[in-house]
Amino acid sequence: MSLPVTHPLVDGRTTNSALVAAYSGEAPSRRPVWFMRQAGRSLPEYRALREGVGMLESCLRPELASEITLQPVRRHDVDAAIFFSDIVVPLLLAGVDVDIVPGVGPVMGSAVRTADDVARLRDAGPLTAQALEPVSEAVALTVAALGSTPLIGFAGAPFTLAAYLVEGRPSRDHLAARTLMHADPDTWRALTEWAADVTGAFLRAQVLAGASAAQLFDSWAGSLSLADYVTHAAPSSARALGSVAGLGVRTVHFGTGTSELLAAMRDVGADVIGVDYRLPLDEANRRLGGRTPLQGNIDPALLQAPWPVLEAHVRDVLARGALAPGHVANLGHGVPPDTDPEVLTRIVQLVHEA
Ligand code: CP3
């Protein structure tokens, strides 16, 4: 299977964009920049649109999801849009009882702990193109409005999704999930393979509908040792990324607390590594053998610091990132909801002028 002829990477709209060039390790016209969680609560126009609409409901209304995706592009002049959705949307579409509770995060109706629980997930059948229609439609609307600005599609990695499913809700150390992988490795493998197929179908639907890059979020992978990551998480992440392999779309892999996992995260089949704020980009580049484009890693904590402090930090990130074969400026994790959006706009200007 290949991309449709109307895809922006096939008809050429985004082929030469700064983002795609940097992700490909080629020299872009300017340093590209976008922000994880750029669509969301830091924007008053987002809060206005979301009034009275639940988080997951807003993800499944194509016109609304598309408009929210476009808001930060208009406001900040970032070099990419990231699709407004959530990592648990494919779980919902696959029949899982999940909600996003404000201030808490994803909460499941019941936790998935046993072989029978996993069998029940699988009994609901694969995630079909029909079930993914609201996602495909939202992406198509967005891409039509974006013109030459690329859209990044995304999905949660199987480990992070399994961590929510097994815990039933957000947790600090993912103890129940990490116990299951050792206590019952067969059930763990079945669960993460199921999650890989569901999240892979979600990612693939976004790419086929017009996304020009794809990011896999393994936000909680940093709770694993390298050995556990390689044995119990990497195979299912490779399987998820395999859903878009061969389509010619660059893939980014990001997690937090993953300084010791960067090479393993690249080796599951990612083209680009997203680095959190804990590791300087020159050191990340060294750990990756100087052959992998990087994304990151402005510390979100500095968004509220006086501008000269933040400016010096951004310039430092840009200087270190310039040592990698490609660099896309971003935060080291998502935009905090209380961020002043004008600070984000100012960072974009600084990155483009630097
Ligand atoms: O702008 C973007 O980055 C695109 C949209 C996006 C959302 N979630 C929208 C969202 C993306 C890429 C995600 C990914 C996501 N969701 C991750 C991986 C990235 C990361 O931060 O590590 C994770 C772990 C989730 C799960 C999740 N969803 C959490 C922990 C929360 C926060 C709950 C809260 O209220 O504090 C959500 C909700 C969520 N997803 C919001 C948004 C804009 C906030 C909900 C709202 O506005 O009501």
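Two strands pair if DSSP finds at least two bridges between them. The strands themselves, like the helices, are DSSP runs numbered from the N terminus: a helix (H or I) has at least four residues and a strand (E) at least two. Before using those ideas, a word on what you're looking at. This is a predicted model, so local features need pLDDT of at least 70 and side-chain atom pairs count only at pLDDT 80 or more, while totals for chains, interfaces and linings use all residues. Residues are numbered from 1 along each chain as its sequence is written.

Let's start with a simple pair. Strand β2 (residues 98-101) and strand β3 (residues 105-108) run antiparallel and are joined by four bridges. Follow D99 across and you land on V107, its bridge partner in β3. Together β2 and β3 make a hairpin with three residues between them. In that turn, G103 has a positive phi of about 80°.

Now for the big sheet. It is an open sheet of seven strands with parallel pairing, and its order is β1-β4-β5-β6-β7-β8-β9. At the edges sit β1 and β9 (327-331), each of which pairs on one side only.

Step inside the sheet to strand β5 (residues 213-217). A residue is called buried if 20 or more other C-beta atoms lie within 10 Å of its own, exposed if 12 or fewer do, and partly exposed in between, with C-beta atoms placed from the backbone. Five of the five residues of β5 are buried, so this strand is largely enclosed by the rest of the structure. A213, Q215 and F217 point one way from β5, while A214 and L216 point the other way. On one side, five bridges join β5 to β4 in the parallel sense, and A155 has L216 as its bridge partner. β5 also pairs with β6, again parallel and over five bridges; here Q215 is matched with V252. Carry on from strand β6 (residues 250-254) and you reach strand β7 (residues 272-274), paired in the parallel sense over three bridges. In that pairing, F254 stands opposite G274.

Next, take a look at helix α7 (residues 133-146). The expected span of a helix is 1.5 Å times one less than its number of residues. With 14 residues, α7 should span 20 Å, and its end C-alpha atoms are indeed 20 Å apart, which agrees. Its buried residues include V135, A138, V139, T142, V143 and L146. They cover an arc of only 130° around the axis (the arc of the directions from the helix axis to the C-beta atoms), which puts them on the same side of α7. What covers them? Among the elements doing so are α4 (62-76), β1 (81-82), β4 (151-156) and α10 (185-208). Just after α7 ends, G147 takes a positive phi of about 60°.

T14 is worth a stop too. You'll find T14 in the segment before α1 (18-23). T14 counts as buried because it has 24 C-beta neighbours inside 10 Å. Two residues are in contact if their C-beta atoms, placed from the backbone, lie within 7 Å. Not counting residues up to four places away in sequence, T14 touches P8, L9, V20, S148, P150 and S212.

What about the ligand? A residue is near a molecule if its C-beta atom, placed from the backbone, lies within 6 Å of it. There are 22 residues surrounding the ligand, and the closest are A39, G40, G105, F217 and S219. Sorted by class, this shell has twelve nonpolar, six polar and four charged residues. (Ala, Val, Leu, Ile, Met, Phe, Trp, Tyr, Cys and Pro count as nonpolar, Asp, Glu, Lys and Arg as charged, and the others, Gly among them, as polar.)

Finally, a few backbone oddities. Most residues other than glycine have a negative phi, and most peptide bonds are trans. R37, in the loop between α1 and α2 (44-50), has a positive phi near 60°. With 18 C-beta neighbours inside 10 Å, R37 counts as partly exposed. H174, in the loop between α8 (158-167) and α9 (175-183), has a positive phi as well, near 55°. H174 counts as buried, because it has 23 C-beta neighbours inside 10 Å. As for peptide bonds, a cis one joins G296 and N297, with omega about -20°. N297 belongs to strand β8 (residues 294-298).
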